Amino acid sequence: METTVMGILKSKVVEVIIVALLLYAGVFIINRFVQLFFKRTDFLEERKGKTIESLVRSITQYTATIGFIFYVISLFVHDFGRILAGAGVAGIVIGFGAQSLIKDILAGVFLIYERQLHKGDYVTINNLFNGTVE
């Protein structure tokens, strides 16, 4: 009985490692293509290109990480659909609680797309804080 459980656990661990390596390679390839795309294009300003490139890279990495976490949980939890449904309800509750954070994120996206701020700009806020946009 113990050898069967250990065999199943080892096969799941190997499967998780393979999926992790595939996701890492996929994210690396996508980020490399994005980098090459923005390096070869001239229709965007350099600062705006860097900003959008950074945004796409972050989205790719976060999506892969969240997908990997869900995949690992689904391997070890049998009723994962119920957990996702509960997470959806919890997400709505957290969303109402984090309205100001979501508002700030959306304001940042609008700043990028309306060409008000770009990565590398030097800014001063309320004559108190100053620095470079990262």
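Helices here are DSSP runs of H or I with at least four residues, strands are runs of E with at least two, and both are numbered from the N terminus. Counted that way, this protein has four helices and two strands. Keep in mind that you're looking at a predicted model.

## The overall picture

Walk along the sequence and you'll meet the elements in the pattern α-α-α-α-β-β. The protein has 134 residues, and buried ones make up 14% of them. Its accessible surface adds up to about 10,600 Å², with 68% of that belonging to carbon and sulfur atoms. What about contacts along the chain? Take those between residues at least 6 apart in sequence: 49% of them join residues at least 24 apart.

## A nonpolar patch

Now look at the surface around helices α2 and α3. Seven names to find there are Tyr62, Ile66, Ile69, Phe70, Ile73, Ile83 and Leu84, which form a nonpolar patch with about 630 Å² of accessible area together. Helix α2 (46-76) and helix α3 (80-97) are the elements that give two or more residues to this patch. Which of them gives the most? That's α2, with five residues.

Isoleucine 83 is a handy member to zoom in on, and you'll find it in helix α3. Its relative accessible area is 41%, so it counts as partly exposed.

## One salt bridge in α2

How many salt bridges does the count give? Just one. It links the side chains of glutamate 53 and arginine 57, at 3.5 Å from N to O. Both residues sit in helix α2, four residues apart, which is about one turn of the helix.

Is glutamate 53 buried or exposed? It's buried, because its relative accessible area of 14% falls under the 20% cut-off. Arginine 57, at 28%, is partly exposed. Here are those two next to isoleucine 83 from the patch:

| Residue | Relative accessible area | Class |
|---|---|---|
| Glutamate 53 | 14% | buried |
| Arginine 57 | 28% | partly exposed |
| Isoleucine 83 | 41% | partly exposed |

## The hairpin

Finally, the strands. Strand β1 covers residues 122-125 and strand β2 covers residues 129-132, and the two pair in the antiparallel sense over four bridges. Which residue in β2 is the bridge partner of isoleucine 125? It's phenylalanine 129. The hairpin of β1 and β2 has three residues between the strands, and asparagine 126 takes a positive phi near 55° there.

Conventions
Residues numbered from 1 in each chain as written. Predicted model: local features only at pLDDT ≥ 70, side-chain atom pairs only at ≥ 80, totals over all residues. Heavy atoms only, no water. Patch = residues over 30% accessible without salt bridge, like charges linked within 9 Å, V, L, I, M, F, W, Y side chains within 5 Å. Areas by Shrake-Rupley, 256 points an atom, 1.4 Å probe, with all protein chains shown as cover. Salt bridge = Lys/Arg side-chain N within 4 Å of Asp/Glu carboxyl O. Buried < 20%, exposed > 50% of the residue type's maximum accessible area, 1.4 Å probe, protein only. Contact = heavy atoms within 4.5 Å. Pairing = 2+ DSSP bridges.
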